[in-house]
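Student: Please take one short part of this protein and examine it closely, residue by residue. I should then like to see how the rest of the chain is arranged around that account.

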Amino acid sequence: MRRFSFLPITLFVALASISLWAFNTFEKPTAIATVDLARLYSGLDEHKAGEKRLEETLKELTAKNEKLGQAVQALQAELENFKPDTPGFFETSKKIEEAIGNYKAFDEFSRKKFEMEKSLLLRNTYQAIKSSLGDICKAQMIDAVFLDDATPPFDPKDTRPVMTQISGRRMLWINPSIDISDVVIKQMNENYSKRQGK
């Protein structure tokens, strides 16, 4: 007598369940949007305020650097008042070496400080954009946001071959109607204005 097997029925039920799940899961089309990152950075009030602070920092560092440079020049001018091999000459020479050391150390420090603050500003703006995009996407039921790298023109000053620039891009064409850069800029500027109490 032949024994009845439940295996074909079980497989059929499993396949039907998977098919039904896949149909229900993928029934809704995926909503996609793009953003132009360069436009976001240039349009965000918070980033512009950060750039102004960065400019002020650069002015302060440059002014202090110039002051240290002038101190070196003043000591070098003072050195001309002394004859070589005199105590004043040796003492002033020592002051010049110390002033040059201070000038070089501060110059190195100021360049690193400026670069670090510039990097922090770019990183913080990027993180703020990602956070805001999350809120906007949830509200507008957008499933994915891509960076539109098809828009920027090729750099004519770049000596790399054109194919290198082309292969660096991920998007060949973007429908402008799915760009939400202006929505992001508007919402982020409104949120920044509220935080500033304006």
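Tutor: Let us begin with Thr34, which belongs to strand β1, a stretch covering residues 32-35. The model is a predicted one, and everything said here about positions and distances is computed from it. Thr34 has a relative accessible area of 1%, and because the limit for a buried residue is under 20%, Thr34 counts as buried. What does Thr34 touch, once residues up to four places away in sequence are set aside? The list consists of Val145, Phe146, Asp148, Ile174, Ile178, Asp179, Ile180 and Ser181.

Val35 is also part of strand β1. Its relative accessible area is 5%, so Val35 is buried as well. If neighbours within four places in sequence are again left aside, Val35 is in contact with Leu40, Leu133, Val145, Phe146, Leu147, Asp148, Asp179, Ile180, Ser181 and Val184. Several names recur in the two lists: Val145, Phe146, Asp148, Asp179, Ile180 and Ser181 touch both Thr34 and Val35. The partners of Val35 also include Leu133, and helix α4 runs over residues 87-140. Val184 is another partner of Val35, and helix α6 comprises residues 181-195.

One pair shows how sequence and space can part company. Val35 and Ile178 are separated by 143 residues along the sequence, yet their C-alpha atoms lie 8.6 Å apart. For the protein as a whole, if one takes the contacts with a separation of 6 or more, 78% of them join residues 24 or more positions apart.

The strand can now be placed in the whole chain. The protein contains six helices and two strands, and their order along the sequence is α-β-α-α-α-β-α-α. Thr34 and Val35 are both buried, and of the 198 residues in the protein, 24% are buried.

Among the helices, α4 deserves a check of its length. A helix is expected to span 1.5 Å for each residue, so the 54 residues of α4 should cover 80 Å; the C-alpha atoms at its two ends are 79 Å apart, in agreement with that figure. Just after α4 comes Met141, which has a positive phi near 55°.

Charged side chains are the next topic. Side chains of opposite charge can pair when their charged atoms come close. The protein has ten salt bridges. Within α4, Arg111 and Glu108 form one of them, with the closest N and O atoms 3.2 Å apart. These two residues are three places apart in the helix, which is about one turn. Arg111, at a relative accessible area of 47%, is partly exposed, and Glu108, at 32%, is partly exposed too. The pair belongs to a network of salt bridges that links Asp107, Glu108, Arg111 and Lys112.

Helix α3 offers another example. Lys59 and Glu56 are joined by a salt bridge of 3.8 Å from N to O. They are three residues apart in α3, so about one helical turn separates them. Lys59 has a relative accessibility of 54% and is therefore exposed, while Glu56, at 41%, is partly exposed.

In α6, Glu190 is paired with Lys186, their closest N and O atoms being 3.0 Å apart. Here the spacing is four residues, which again means about one helical turn. Glu190 is partly exposed at 39%, and Lys186 is exposed at 53%.

Which helices each supply at least two residues to the lining of the largest pocket? They are α3 (45-79), α4 and α6. The largest pocket holds about 250 Å³ of space. Its lining has 17 residues, and those closest to the centre of the pocket are Glu46, Gly50, Arg53, Leu121 and Asn124. The greatest contribution comes from α3, with seven residues. Sorted by class, the lining comprises seven nonpolar, six polar and four charged residues.

Conventions
Residues numbered from 1 in each chain as written. Predicted model: local features only at pLDDT ≥ 70, side-chain atom pairs only at ≥ 80, totals over all residues. Heavy atoms only, no water. 1 Å grid on protein atoms, 1.4 Å probe; cavity = no way out; pocket = protein on both sides within 12 Å on 5 of 7 lines; lining within 4 Å. Points joined across faces, edges and corners; volume = space filled by probe spheres on them. Nonpolar A, V, L, I, M, F, W, Y, C, P; charged D, E, K, R; others polar. Expected span 1.5 Å × (residues − 1). Salt bridge = Lys/Arg side-chain N within 4 Å of Asp/Glu carboxyl O. Buried < 20%, exposed > 50% of the residue type's maximum accessible area, 1.4 Å probe, protein only. Contact = heavy atoms within 4.5 Å.
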